[in-house]
Amino acid sequence: MSTTAVVQLDNLSKTIKGKKLIHNVNLDLYGGEVFGFLGPNGAGKTTTIRMMVGLMKPTSGSVKINGVDLQEQFETAVSQVGAIVENPELYKHLSGYQNLIHYSRMHKGITKKRLQEVIDQVGLTNRIHDKVKSYSLGMRQRLGLGQALLHSPKFLILDEPTNGLDPAGIREFRTYLRQIAQEDNVCILVSSHLLSEIELMCDRVGIIQKGTLIDIKQVHGDDQQVEWKFVLDQPAQAMQLLSTNIKEEVRATTDGVSVTISQEQVPAVNKLLVEAGFNIYSIESTRETLEDEFLKVTRGEQVG
Ligand SMILES: Nc1ncnc2c1ncn2[C@@H]1O[C@H](COP(=O)(O)OP(=O)(O)O)[C@@H](O)[C@H]1O
Ligand SMILES: [Mg+2]
């Protein structure tokens with residue numbers, strides 16, 4: 001992930017007919033990351049996205065793409081943005097290739113080579129000359145993705161892209177998104193009202209509710225190191241055993257020990273303790289799942 005932000009939202013706000021729809025959103029997004037924009041229907045995701053692509057003027061605040069202000073230098077800023085806002089518009093009676101040719105005419109300088117690159121990148125090499133009406137939903141989404149990538153944007157926005165895809169389809173889609181983000185250092189923003197989708201696809205998540213960005217969270221994989229608490233007899237002795245046998249951080253608590261390890265390391269630490277004769281009463285991680293967090297910040301309101 002690069003260190004300078006590809007996208008900077010600075011106090012972005014929108015009021016329509018006296019109603020404040022978006023409240024002072026501050027957000028930096030980076031190249032190489034897949035960022036999830038999560039919030040219930042009507043939270044303000046599409047409205048924020050419309051301002052990011054220049055389809056709607058902010059009431060106050062600014063959007064910068066690669067350091068260029070979208071209001072001040074619209075053409076330059078927007079040339080770095082690719083977007084699918086809601087469903088991709090595709091001509092179903094034409095082939096995938098013909099669709100891409102059609103969209104390539106909207107930008108200057110898209111070569112045949114670039115076209116082929118994009119086709120390969122979205123995994124449509126073998127089917128690109130077939131009519132779109134013969135495509136599965138996942139293939140159509142990927143063609144839409146290819147269309148948004150043609151002009152090599154540094155910032156790609158996908159508004160509810162997995163609508164209707166099953167979990168396997170979402171996982172497949174994620175693989176393509178990750179590759180694009182990493183290979184071309186593209187910053188990808190994916191919006192959804194479904195936590196499960198965002199959790200599958202993204203590295204970081206911003207939670208939006210009633211027009212306010214209320215929290216930003218890292219999505220933890222199983223290899224992430226978090227604090228695990230082992231409740232056991234003789235905490236002081238257990239602490240001593242672990243500190244001499246593992247390199248990770250160990251802390252004694254009143255009823256056990258806390259170790260900062262990944263989930264994969266839990267069985268080995270457990271074995272060490274059991275074999276040394278300690279009685280273990282429970283093992284739990286102190287991390288909150290994204291779901292706990294999401295429910296807490298949205299105060300248990302219905303999602304979706
Ligand atoms: N052009 C508009 N005029 C008035 N209200 C709007 C307009 N566009 C969106 N809204 C309202 O703004 C809120 C956020 O909508 P939207 O951004 O579409 O939410 P999301 O994409 O998160 O479902 C909703 O209450 C919606 O009714
Ligand atoms: Mg929306």
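Student: What separates the centres of domain 1 and domain 2?

Tutor: The centres, taken over C-alpha atoms, are 44 Å apart. Domain 1 covers 5-218 and domain 2 covers 226-285. Those bounds come from an automatic or database domain assignment. This is a predicted model, where local features need pLDDT of at least 70, side-chain atom pairs count only at pLDDT 80 or more, and totals for chains, interfaces and linings use all residues. Residues are numbered from 1 along each chain as its sequence is written, and side-chain values use heavy atoms, with hydrogens and water left out.

Student: Why is there no bond between the sulfurs of Cys-187 and Cys-202?

Tutor: A disulfide is a covalent bond between the sulfur atoms of two cysteines. Here the term needs a pair of cysteine sulfur atoms within 2.5 Å. The closest cysteine sulfur to that of Cys-187 is in Cys-202, 11 Å away, so the gap is too far for a bond. The count by this rule is 0 disulfides.

Student: What makes Cys-187 buried?

Tutor: Buried means under 20% relative accessible area, exposed over 50%, partly exposed in between (1.4 Å probe, protein chains only). Cys-187 has 0%, so the residue is buried. Cys-202, at 3%, counts as buried too.

Student: Why is helix α1 called largely enclosed?

Tutor: Helices are DSSP runs (H or I, at least four residues), numbered from the N terminus. Helix α1 spans residues 45-52, and 6 of its 8 residues are buried, so the rest of the structure largely encloses it. Among the buried ones are Lys-45, Ile-49 and Met-52.

Student: Which residue with a positive phi follows α1?

Tutor: Gly-54 does, with phi near 80 degrees.

How values were computed. Chains lettered and ligands numbered in written order. Helix = DSSP H or I, 4+ residues; strand = E, 2+ residues; numbered from the N terminus.
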